[in-house]
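Visitor: I would like to learn how to read a sheet and a helix, one feature at a time.

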Amino acid sequence: MNIKSLSSGLLYRGEVEAKRQTYYVFEARRHFFVMSFARAKRGSGNFTTVDADAVDYVAKKFEGRKALTSTEVLNESRKPQHISSTLDALNALYILVAIRRAKIDSRFHNKRLFFNIKG
């Protein structure tokens, strides 16, 4: 992976407030960067890269779905090169929220997050 091409021209796309962390999403040419910071632990954070094709795949495959979980995205995905874990699915869903193609469904108040994908 070429870090210079990954970080070239990063564009801030938005942030997502989840249950325990805040996610900041940046877009590069063919990837997204997702940076997360725990609200309870100051100074602790993480980042990951997500291929833009994976985000497009999730948006198209699950278009119009309500109360969707990352586990459902993983179980129903047929392209392991895009989604091979619940973390892959969750990051793609966070990106969709940040770019306003999905919303976190606030009707549910348990440990799992549910997402509504715009149709």
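Guide: We shall take the sheet, and then a helix that lies across it.

Guide: This is a predicted model, in which local features need pLDDT of at least 70, side-chain atom pairs count only at pLDDT 80 or more, and totals for chains, interfaces and linings use all residues. Residues are numbered from 1 along each chain as its sequence is written, and side-chain values use heavy atoms, leaving out hydrogens and water.

Visitor: In what order do the strands form the open sheet?

Guide: In general, the strands of a sheet pair through backbone hydrogen bonds, either parallel or antiparallel. Here four strands (DSSP runs of E, at least two residues, numbered from the N terminus) form an open sheet in the order E1-E2-E3-E4, with antiparallel pairing, where a pair needs at least two bridges found by DSSP. Strand E1 (11-17) and strand E4 (45-51) stand at the edges with a single partner strand each, so one side of each has no neighbour in the sheet. Further in, E2 (residues 21-27) and E3 (residues 31-38) pair over seven bridges, and Phe26 stands opposite Phe33 in E3.

Visitor: Which strands does helix H4 lie across?

Guide: Helix H4 (a DSSP run of H or I, at least four residues), residues 86-98, lies across E1, E2, E3 and E4, and runs at about 110° to E1; such angles, from 0 to 180 degrees, are taken between N-to-C directions of axes fitted to C-alpha atoms, for helices over the stretch in contact (heavy atoms within 4.5 Å).

Visitor: Is H4 largely enclosed or open?

Guide: Of its 13 residues, 10 are buried (under 20% relative accessible area, 1.4 Å probe, protein chains only), so H4 is largely enclosed by the rest of the structure. Among them are Leu90, Leu93 and Val97.

Notes. Buried < 20%, exposed > 50% of the residue type's maximum accessible area, 1.4 Å probe, protein only.
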